[in-house]
Amino acid sequence: MERKQVQSYLQALFVEELAGQQNVPERLAKHGLPQISVPKEVGKLLYLLVKISGSKRILEIGALGGYSTTWLARALPEKGSILSLELKEEHIQLAKQTVEDCNLSSKVNFRSGDAGENLAYLRDQGEKFDFVFIDADKPNYLKYLQMALEITNPGALLVTDNLLLNGRIFNDEDQNPSAVSVRMVNKWLAEEPRVESLLLPIGDGVGLARVKE
Ligand code: SAH
Ligand code: MG
């Protein structure tokens, strides 16, 4: 059984994108940006996780073209909202377009700048979220997860993308900062007493952690 075959099967059978989401690859290409949005089936997973958890206040770290943002936002109830932290103003402009194309603008806000700084700001403001999706600079993942614990309610979900790093985590000779960080994050997710978690081998590996009461 090939991973590619499984992926195509899941995408064909279980995923229905909005027209506004279908525009994202072209929008990224036009601006010379990499195609590193979550794959469609991970988008659907994010959507289901938001619905199943009944989350109303979502924090996203890493928006790029807004593809994952729209999957999360699609699942929100009437009064739900998502705040997306994105380093690059240019990406925010593209993500805003995507959100608008999907008619989801009323639920989505962006905050530009470094996520570490913005997380500290949100913590100092006493903000609380019930769902955090982390998909940005890999070397800072552990910091983001630890800060996420400070701005979430008990029972919150912490969802982290790219925890298989395309298989690089299995090659111990790969000491690149991203590989080192993701290995450390997986161990942390497995052992940290404040969460219960699992790494789902879907897409590039999606970490699922629930903050304990
Ligand atoms: N979640 C998106 C893909 C995100 S790609 C999707 O699936 O559609 C990673 C994004 O993280 C890029 O847009 C990059 O600019 C952003 N990023 C990188 N370092 C960051 C930082 N320190 N703070 C906030 N965002 C950062
Ligand atoms: Mg990713």
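Visitor: Which residues are the protein donors of the magnesium ion (ligand 2)?
Guide: This is a predicted model, in which local features need pLDDT of at least 70 and side-chain atom pairs count only at pLDDT 80 or more, while totals for chains, interfaces and linings use all residues. Residues are numbered from 1 along each chain as its sequence is written, chains are lettered from A and ligands numbered from 1 in the order in which they are written, and side-chain values use heavy atoms, with hydrogens and water left out. Donors are N, O and S atoms within 2.8 Å of the metal (3.2 Å for Na, K and Ca), and since water is not among the atoms, sites may look incomplete. Lying 2.1 Å from the magnesium ion, the protein donors are Asp135 (OD), Asp161 (OD) and Asn162 (OD1).

Visitor: How are the donor residues of the magnesium ion spaced in sequence?
Guide: Two of the donor residues, Asp161 and Asn162, are both buried, a term for under 20% relative accessible area (1.4 Å probe, protein chains only). Along the sequence, the spacing of the donor residues reads D-x25-D-N.

Visitor: What share of the area that ligand 1 exposes when taken alone does the protein bury?
Guide: Among the polar contacts, pairs of N or O atoms within 3.5 Å, a polar side-chain atom of Ser68 lies 2.8 Å from a nitrogen atom of ligand 1, and a side-chain N or O atom of Asp114 is 2.8 Å from a nitrogen atom of this ligand. By the Shrake-Rupley method with a 1.4 Å probe, ligand 1 taken alone exposes 590 Å², and the protein buries 91%.

Note on methods. Buried < 20%, exposed > 50% of the residue type's maximum accessible area, 1.4 Å probe, protein only. Polar contact = N/O pair within 3.5 Å; in protein donor to acceptor, adjacent residues only side chain to side chain.
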